[in-house]
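Reader: I am new to this structure and would like to learn how to read its features one at a time. Could you take me through them, giving the general idea before each case?

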Amino acid sequence: MYNTRQSLITESATFVDEFESSSATATMERKAEPVRTISAEEREFNSRIRGNFDRIINYNTYATTQNNDVYADAMPSLTTMQFCNEPASEIYKDYRATESDYVAQTKVRGGAKALVMAFVAIIIALCALIVFNTALLNNMNGLIAERTMQVESLQSELALKEVELETVSSNEVVIEKAKEYGMVEGE
């Protein structure tokens with residue numbers, strides 16, 4: 001595809017140097033008619049441009065009126081033919097390697113093993129501390145509950161004793177007890 005556009009010099013070519021002042025111009029006079037040769041391939045390409053452009057613009061019109069002659073190949077492809085002498089059980093065989101075909105070896109350096117062992121030891125120690133602290137907290141909670149019940153019973157006993165003291169120290173009870181012991185009230 002050659003679509004080169006060749007410009008023809010018609011009368012004269014005037015060139016202006018844009019970096020200099022506007023007075024710096026040069027004019028070339030045309031002396032002979034330029035020779036323009038167009039190849040057959042370029043001529044054929046240029047003749048198809050308008051038709052192709054029309055097909056692009058009016059695609060729907062050309063798409064519906066287009067001949068839909070489809071060439072159907074009656075022969076199977078080479079990919080299909082490669083299995084012609086194979087039994088049917090082999091055709092559907094999976095040719096991918098199975099996982100047992102690969103040897104998986106992993107090597108861990110001694111430093112990495114020691115680091116993993118240290119982390120495991122730290123985790124086991126933390127788990128043991130958690131269990132120990134949980135048992136200790138449960139024991140302390142039991143002691144606290146027991147002591148709280150003792151404090152409550154002593155407070156209720158104290159309240160009873162205060163009420164009893166109030167009643168015993170009242171004036172009427174003191175006078176009555178004094179008369180029991182043979183005391184006489186003075187004037």
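Author: Let us begin with the surface, keeping in mind that this is a predicted model. One thing to look for is a group of nonpolar side chains that lie together on the outside, and here Leu-115, Phe-119, Ile-122, Leu-126 and Leu-129 form such a nonpolar patch, with about 500 Å² of accessible area together. Leu-115, one of these residues, has its place in helix α5, which covers residues 110–168.

Reader: What does the accessible surface of the chain come to, and what percentage of it belongs to carbon and sulfur atoms?

Author: The accessible surface of the chain comes to about 18500 Å², and 59% of that area belongs to carbon and sulfur atoms. A related reading is how much of the chain is covered, and of the 187 residues in the chain, buried ones make up 2%.

Reader: How should I read the order of helices and strands along the chain?

Author: The general idea is to list the elements as they come along the sequence, which gives the pattern β-β-α-α-α-α-α-α in this chain. Counted by kind, the secondary structure comes to six helices and two strands.

Reader: How many salt bridges are there, and which residues form them?

Author: A salt bridge is read from the gap between a side-chain nitrogen and a carboxyl oxygen, with a cut-off of 4 Å; by this rule the count comes to two. In one of them, the side chains of Glu-44 and Arg-48 meet with N and O 3.9 Å apart. In the other, Lys-177 pairs with Glu-180, and the closest N and O atoms are 3.8 Å apart.

Reader: Where do these pairs lie in the helices?

Author: Glu-44 and Arg-48 both belong to helix α1, residues 40–57, where they are four residues apart, or about one turn of the helix. Lys-177 and Glu-180 are both in helix α6, residues 171–180, and stand three residues apart, again about one turn of the helix.

Reader: Is each of these four side chains buried, partly exposed or exposed?

Author: The reading rests on relative accessible area, for which exposed means over 50%. Glu-44, at 45%, is therefore partly exposed, and Arg-48 is partly exposed as well, at 43%. Lys-177 has a value of 44% and so counts as partly exposed, whereas Glu-180 is exposed because its value is 53%.

Reader: What else can be read from α6 and the stretch just after it?

Author: Helix α6 is hardly covered, since the count of buried residues among its 10 residues is zero. Just after α6, Gly-182 takes a positive phi of about 90°.

Reader: Which parts of the model have the lowest and the highest confidence among the elements?

Author: Confidence is read from pLDDT, and the chain averages 77, with 68% of the residues scoring at least 70. Among the elements, strand β1, residues 12–16, has the lowest mean, 54, while α5 has the highest, 95. Over residues 1–11 the pLDDT stays under 50, and the model has 16 contacts beyond four places in sequence for this stretch.

Key. Residues numbered from 1 in each chain as written. Predicted model: local features only at pLDDT ≥ 70, side-chain atom pairs only at ≥ 80, totals over all residues. Heavy atoms only, no water. Buried < 20%, exposed > 50% of the residue type's maximum accessible area, 1.4 Å probe, protein only. Patch = residues over 30% accessible without salt bridge, like charges linked within 9 Å, V, L, I, M, F, W, Y side chains within 5 Å. Areas by Shrake-Rupley, 256 points an atom, 1.4 Å probe, with all protein chains shown as cover. pLDDT = per-residue confidence, 0-100. Contact = heavy atoms within 4.5 Å.
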